[in-house]
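Biologist: I have a new model open and would like to go through it with you. Can we start with the term we will need for the cysteines?

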Amino acid sequence: MKYRLMFLLIISFAVLSCNGQTSKNIKTIEPAAFAEKIAATPNAQILDVRTPEEFISGHIDNATNVNWNGTDFVTKAATYDKTKPIFVYCKSGGRSKQAAAKLEELGFTTIYELQGGMLKWDAAGLSKPSDKIVGMCSQEYSELLNTDKKILINFYAEWCAPCKKMAPYILQMQKELADKVTIVRLNADENKTLVSEMKISELPTLLLYENKEVKWKHSGFISEEDLKKQLQ
């Protein structure tokens, strides 16, 4: 009975593992490898699946904008050559993952998805440097830290699902813990210069400062309970 149970568990695990495998047609790769693949591909087909507004604010060279959230994504994507590699990316990886799956459904056989999207691309230093400061500059950021209280900086975005889940209790903590910690929320899309300079590659990102030094850093979702523990 014992061995039979073990056998069933092994089989179940194998089935789940197979179901969770990524398609052989889709390769999710790091920024450096993504850039190398593009450079090695003549007339590379590069799809930026963000919104037109995001695309205009900065994109990978020679990319074209095919908005995943648009009503004509399938129609536009179908005009590309399915026999050649296609490169797809978004801001952080959520939309590009869905777009890559749809491209496979449409018949594309070699799909490269940028892991972590433009956030990781920028953090890897692959974007062209710009003299234009977007949002808060590093000096203004440093001035935020000139206080005796703890400071929690929360980089977020309106489109970020984990950010949306966390927003209600972070906003509540701003009020409840005001005498102990200063909580500052910074929209990553409105503060691109800081995000790039600080190499923030995932949202949300939380940074807890004490005496101008980072005492704790966290990227991704964190529960209200676990966050409060860090702020005590």
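Modeller: A residue counts as buried when its relative accessible area is under 20%, and as exposed when that area is over 50%. Keep in mind that this is a predicted model.

Biologist: Is Cys-160 buried or exposed, then?

Modeller: Cys-160 is at 3% relative accessibility, so it counts as buried. It sits in the loop between S6 and H8.

Biologist: What does Cys-160 touch, leaving out residues up to four places away in sequence?

Modeller: Leu-203 and Pro-204. Those two residues are joined by a cis peptide bond, with omega at about -5°. Pro-204 belongs to the loop between H9 and S8.

Biologist: How many disulfides are there?

Modeller: The count is 1 disulfide. Cys-160 pairs with Cys-163, and the two sulfur atoms are 2.5 Å apart. The cut-off is sulfur atoms within 2.5 Å.

Biologist: Which hand does the disulfide have?

Modeller: The torsion about the S-S bond of Cys-160 and Cys-163 is about 75°, so this disulfide is right-handed. Both Cys-160 and Cys-163 are buried.

Biologist: What about Cys-90, how far is the nearest cysteine sulfur?

Modeller: 11 Å away, on Cys-160, and Cys-90 is in no disulfide. Cys-90 counts as buried because its relative accessibility is 1%.

Biologist: On to H8. How many residues does it have?

Modeller: H8 covers residues 161-176, which is 16 residues. From first C-alpha to last it reaches 24 Å, close to the 22 Å expected at 1.5 Å a residue.

Biologist: Where does H8 bend?

Modeller: At Ala-167, by about 45°. A proline, Pro-168, follows within four residues.

Biologist: Which H8 residues are buried?

Modeller: Cys-163, Met-166, Ala-167, Tyr-169, Ile-170 and Met-173. As background, an α-helix has 3.6 residues a turn, so residues three or four places apart point the same way.

Biologist: What covers the buried residues of H8?

Modeller: The cover includes S6, S7, S8 and helix H10, which is 224-231. As for distance along this stretch, the C-alpha atoms of Cys-160 and Met-173 are 20 Å apart, with those positions 13 residues apart along the chain.

Biologist: Next topic, the cores. How many residues are in the largest nonpolar one?

Modeller: It has 20 residues. Tyr-141, Ile-153, Phe-155, Leu-186, Leu-203 and Tyr-209 have the most contacts inside it.

Biologist: Which elements each supply at least two residues of this core?

Modeller: Strand S6 (150-156), strand S7 (181-187), helix H9 (192-197) and strand S8 (205-210). S6 gives the largest share, 4 residues.

Biologist: What is Phe-155 in contact with, apart from neighbours within four places in sequence?

Modeller: The partners include Tyr-141, Leu-186, Leu-194, Val-195, Met-198 and Ile-200. Leu-203, Pro-204, Thr-205 and Leu-207 are also among them. There is a second, separate core of 17 residues, which includes Ile-26, Leu-47, Ala-77 and Tyr-80.

Biologist: Switching to loops, where is Asn-25?

Modeller: In the loop between helix H1 (2-19) and strand S1 (26-29). Asn-25 is buried, because its relative accessible area is 19% and the cut-off is under 20%. Leaving out residues up to four places away in sequence, Asn-25 touches Glu-104, Phe-108, Thr-109, Thr-110 and Ile-111.

Biologist: And what is phi of Asn-43?

Modeller: Near 50°, a positive value in a residue other than glycine. Asn-43 is in the loop between helix H2 (31-39) and strand S2 (45-48). At 76% relative accessibility, it counts as exposed.

Biologist: What about phi of Lys-212?

Modeller: Lys-212 also has a positive phi, about 70°, and is not a glycine. Its loop lies between S8 and strand S9 (213-219). Lys-212 counts as exposed, at 52% relative accessibility.

Biologist: Last, the totals. How many helices and strands are there?

Modeller: The protein has 10 helices and 9 strands. Of its 232 residues, 38% are buried. The C-alpha trace spans about 65 × 60 × 30 Å along its principal axes.

Biologist: How much area does the protein expose?

Modeller: About 13500 Å², of which carbon and sulfur atoms supply 53%. Among contacts with a separation of 6 or more, 71% are between residues 24 or more positions apart.

Methods
Residues numbered from 1 in each chain as written. Predicted model: local features only at pLDDT ≥ 70, side-chain atom pairs only at ≥ 80, totals over all residues. Heavy atoms only, no water. Core = buried A, V, L, I, M, F, W, Y, C linked by side-chain atoms within 4.5 Å. Buried < 20%, exposed > 50% of the residue type's maximum accessible area, 1.4 Å probe, protein only. Contact = heavy atoms within 4.5 Å. Expected span 1.5 Å × (residues − 1). Bend = angle between axes of the 7 residues up to and from the residue. Areas by Shrake-Rupley, 256 points an atom, 1.4 Å probe, with all protein chains shown as cover.
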